[in-house]
Amino acid sequence: MPWAVGGLRLGRAWVAAPDPAALRARWAALTGAEAAERDQLFRPTRSRTPTTGAAALPGQRSPSTARFADAPGPCPEPVRVLRDPFDEQWLLPDQRLIDLARPELWRVLDEHQLFAVETPELLVTAHLPAGRLGRIRPLHRRPGAAEPNLAPGLLPLLGERYGGWVTPQDVLCWILAAGRPGPRGYEVPLTGDPGRWRAGVELGHRLLTVQLRGGPGGEPPRLPGGRRPYVRSAVQAWPQGLAYDPETETLSLGAGTVSPVPAGAWEFEVQGGIRVLEAWFASRTAHRDPEADGLEALGPAEWPQAWTSELLALVTTLALLADLAPERAAFEPGPALPAAELAAAGVLPPPRWSRRPASVLDHHEEGPGGQFALL
C-alpha cells in the first residue's frame, strides 16, 4: 500500500466529541460569544485562528469559507470518525477549525473506502481516522473503489501465483493476518504457498469483519454460545467510575452493570498498555473533569443511551479480537515469495507516482473566501 498519509492534526480538542449534540452546543456557544471571548474559546494555534481562511473540505457541505471571525455560518453536520483505537466519535467537518485536515483523505472517503492505520498494530476502519493515531493507508486511491492503493502489478502477480482472482480486500485481509510491527514500520511478508495464502486471507477476513463490526450492510458479529453482553442494570444519570469483576464477568458503570463481559475484552490493550474500555470511558467523562474548561467542558448532562449501545458493541468487538489473537499470533506465512520475482514483475520498487495521491477532481472545490481552489 504505497500511498500513506500522516494523521489528522486537529489542533483543538473541542472540535471532536463522543456526542454529536455536544458539538452543536459548542458551535452555538462559540458563534454566540463576543469577539474577545470567541478568540479565547477558539483556542488559536499558528495554523488556525478565527481570522484564518481555509477551503471547504472535499465532500462536505461547509457552512462557509469566509473567515470564521467574519461569517461562521450554520453548524456543519458532525461526521463519524475514529478518534482513538476502537473509539468512534464525532467531528465538526470545517477546515477552518482543524490545523491539518488532510483533504486528500476526504476526497477518497466514501462507502467503498477502508483505511488501514498503523498504531503500531494495524487497525482497519471505514471511518476517517482523526485522532492520535499512526500513518493512514487508504485501500483505494480514488472514490468508488476505482483504483487500489497497491503496488502496480501486484494483483495480477498474486492471482497468477495463487491460481485465482485476488482482490484489494484479499490483500488487506492478508496484511491483517500476516503483518507485524518491525524496525522499518509495519512489515508484511508475502507467501509463496497458495495454501498459506488462502488460510491467511480467511483469517484476515474474520479479523476484518470484527474490526468493522460487520461493515456496511453486514450483520454485526456476535460472541459464540449465546454469550451476548446485556445491560443488567441501567446506567443512571451519570456513572462515577468504571469497574470490572472477573468472577461474575460484570462491568460496572456506577450503579449500571453490563454482563457477561469476557476478561479478554476488559484486558484488551493498545499503545503502551492502555486498556481500551478504560480509555473509552475516560473520553466520555472528560468534560466532567474539574480541570476541563472552555468548550471542552460542554457535554451531555446525563449518560446518553446511545453510549450504552456503543459499549455493548465495543465489548463484543474486543472479546472476539481477544479470541482470535492466539490464532493470529501462531499464523505462519510459510516460504516467502522471492523478492526477485516481485522485481521482475515490476512490483518492486513501486513507482513514485503510486506514493502520491491520485488526481480525483471531477468538480470544483471551494477555496478560502468562496474562490475556486486550484489543485
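Colleague: By class, how many nonpolar residues does the lining of the largest pocket have?

Modeller: This is a predicted model. Its largest pocket holds about 960 Å³ of space and is lined by 27 residues. The lining includes one polar and five charged residues, and the number of nonpolar residues is 21.

Colleague: Which residues of that lining lie nearest the centre of the largest pocket?

Modeller: Two or more residues of the lining come from each of β4 (115-118), α5 (168-178), β9 (185-187) and α10 (339-344). Nearest the centre of the largest pocket are M1, Y186, E187, V188 and L348.

Colleague: Which element gives the most to the lining of the second largest pocket?

Modeller: The second largest pocket contains about 630 Å³ of space. Among its 27 lining residues, R213, P220, P221, A313 and T317 are the closest to its centre. Two elements, β5 (122-125) and α9 (305-330), supply two or more residues of this lining. The most, six residues, come from α9.

Colleague: From which element does the largest share of the largest nonpolar core come?

Modeller: Nonpolar side chains tend to be buried together in soluble globular proteins. The largest nonpolar core has 65 residues, and F86, L154, L158, V171 and W197 touch the most other members. Nine residues of this core, its largest share, come from α9.

Colleague: Which residues does F86 touch, leaving out those up to four places away in sequence?

Modeller: F86 is one of the residues that touch the most other members of the largest nonpolar core. With residues up to four places away in sequence left out, F86 touches L123, R213, F268, V270, V276, L314, T317, L318 and L321.

Technical notes. Residues numbered from 1 in each chain as written. Predicted model: local features only at pLDDT ≥ 70, side-chain atom pairs only at ≥ 80, totals over all residues. Heavy atoms only, no water. 1 Å grid on protein atoms, 1.4 Å probe; cavity = no way out; pocket = protein on both sides within 12 Å on 5 of 7 lines; lining within 4 Å. Points joined across faces, edges and corners; volume = space filled by probe spheres on them. Helix = DSSP H or I, 4+ residues; strand = E, 2+ residues; numbered from the N terminus. Nonpolar A, V, L, I, M, F, W, Y, C, P; charged D, E, K, R; others polar. Core = buried A, V, L, I, M, F, W, Y, C linked by side-chain atoms within 4.5 Å. Buried < 20%, exposed > 50% of the residue type's maximum accessible area, 1.4 Å probe, protein only. Contact = heavy atoms within 4.5 Å.
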